Amino acid sequence: MLRIGNGYDVHRLVAGRKLILGGVEIDHPTGLDGNSDADVLLHALCDALLGACGAGDIGRHFPDTDSQWTGVSSLLLLEKVASICKERGYSVVNTDSVVVAQRPKLAPHLDRMKANIAGALGVDLDRINLKATTTETLGFAGREEGIAAYAVALVESRDKE
Ligand code: MG
């Protein structure tokens, strides 16, 4: 059986934080604020995968009030989500994501992000697609107050149904 999930996340851009997207540290004057490394792309992806597997959401598994996850790399969270999917009998068919950011330009970093995601999920690179867009300066992303990410994931049950 095939199942689909979607994920959406937003984090605020602030001074004094590293900008980490898709597990890649990007040189930028501001970074995303949050309890973990605030990797908005990986959080949206985690939610899409958890959704596809019927396993709730990222807040349920890794509460931002839990100091265990403070400052942690979200690649670790994605690895844990991959284990949850596996335990429930699902394997990842493909994922597709969009990062919404006015700046910085993300195109030069997408290949590294993709490799990080494929590595954390234990799947081939061609199962992971990444995109980036601006909002042509409109809204919170356009004003560089934050970065948003959308993700969808398709998983397949190992049972024959
Ligand atoms: Mg988040």
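This is a walk through the local features of a predicted model, from its metal site to its backbone oddities.

**The magnesium site**

Let's start with the metal. Three side chains hold the magnesium ion: Asp9 through OD, His11 through NE2 and His43 through ND1, at 2.1 to 2.3 Å. Along the chain, these donors read as D-x1-H-x31-H. How are Asp9 and His11 placed, buried or exposed? Asp9 is buried, and His11 is buried too.

**Salt bridges**

Searching the whole structure turns up 4 salt bridges. Three of them are set out here, with the closest N to O distance for each.

| Pair | N to O distance |
|---|---|
| Glu25 and Lys18 | 4.0 Å |
| Glu144 and Arg103 | 2.9 Å |
| Arg143 and Glu145 | 2.8 Å |

The Glu144 and Arg103 pair links distant parts of the chain, with the two positions 41 residues apart in sequence. Glu144 sits in the loop between helix H5 (139-142) and strand S7 (146-157), while Arg103 belongs to the loop between strand S5 (90-100) and helix H4 (110-121). Neither end is hidden away: Glu144 has 28% relative accessibility and counts as partly exposed, and Arg103 is partly exposed as well, at 41%.

On to the other two pairs. Lys18, the partner of Glu25, counts as exposed because its relative accessibility is 52%, and the cut-off is over 50%. Arg143 also clears that cut-off, with a relative accessible area of 51%, so Arg143 is exposed. Its partner Glu145 comes in at 38% and is therefore partly exposed.

**Aromatic pairs**

How many aromatic pairs are there? The count comes to 2. Take Tyr8 and Tyr150: their ring centres are 4.7 Å apart and the planes make an angle of 40 degrees, which puts the pair in the tilted class. Tyr8 lies in strand S1 (residues 2-15) and Tyr150 in strand S7, so this contact ties together parts that are 142 residues apart in sequence. Both rings have some surface on show, as Tyr8 is partly exposed with a relative accessible area of 41% and Tyr150 is partly exposed with 44%.

Then there's the pair of Phe62 and Trp69, which is edge-to-face, with 4.9 Å from centre to centre and 85 degrees between the planes. Here both partners are tucked in: Phe62 is buried, with a relative accessible area of 9%, and Trp69 counts as buried at 8%.

**A nonpolar patch**

Tyr8 and Tyr150 come up again on the surface, where they join Val10 and Phe140 in a nonpolar patch of about 350 Å². Val10 belongs to strand S1, the strand that also holds Tyr8. With 33% relative accessibility, Val10 counts as partly exposed.

**Cysteines**

Looking for disulfides? The structure holds 0 of them. Cys46 is in no disulfide, and the nearest cysteine sulfur, that of Cys85, is 9.1 Å away. A disulfide would need the two sulfur atoms within 2.5 Å, so this pair doesn't qualify. Both cysteines are buried: Cys46 has a relative accessible area of 0%, and Cys85 has 2%.

**Backbone oddities**

Back to Arg103 for a moment. The peptide bond from Arg103 to Pro104 is cis, with omega near -10 degrees. Pro104 is found in the loop between S5 and H4, the loop that also carries Arg103. That puts the cis bond right beside the Arg103 end of the salt bridge to Glu144.

Which residue in the loop between strand S6 (128-133) and H5 is worth a look? Thr137 sits there, and its phi is near 70 degrees, a positive value in a residue other than glycine. Thr137 counts as exposed, at 53% relative accessibility.

Glu144, from the loop between H5 and S7, has a positive phi as well, about 60 degrees, although it is not a glycine. This is the Glu144 that bridges to Arg103, so a partly exposed residue, with a relative accessible area of 28%, brings together a salt bridge and a positive phi.

Note on methods. Residues numbered from 1 in each chain as written. Predicted model: local features only at pLDDT ≥ 70, side-chain atom pairs only at ≥ 80, totals over all residues. Heavy atoms only, no water. Donors = N, O, S within 2.8 Å, 3.2 Å for Na, K, Ca; no water. Buried < 20%, exposed > 50% of the residue type's maximum accessible area, 1.4 Å probe, protein only. Salt bridge = Lys/Arg side-chain N within 4 Å of Asp/Glu carboxyl O. Helix = DSSP H or I, 4+ residues; strand = E, 2+ residues; numbered from the N terminus. Phe/Tyr/Trp six-rings, centres within 6.5 Å; stacked < 30°, edge-to-face > 60°. Patch = residues over 30% accessible without salt bridge, like charges linked within 9 Å, V, L, I, M, F, W, Y side chains within 5 Å. Areas by Shrake-Rupley, 256 points an atom, 1.4 Å probe, with all protein chains shown as cover.
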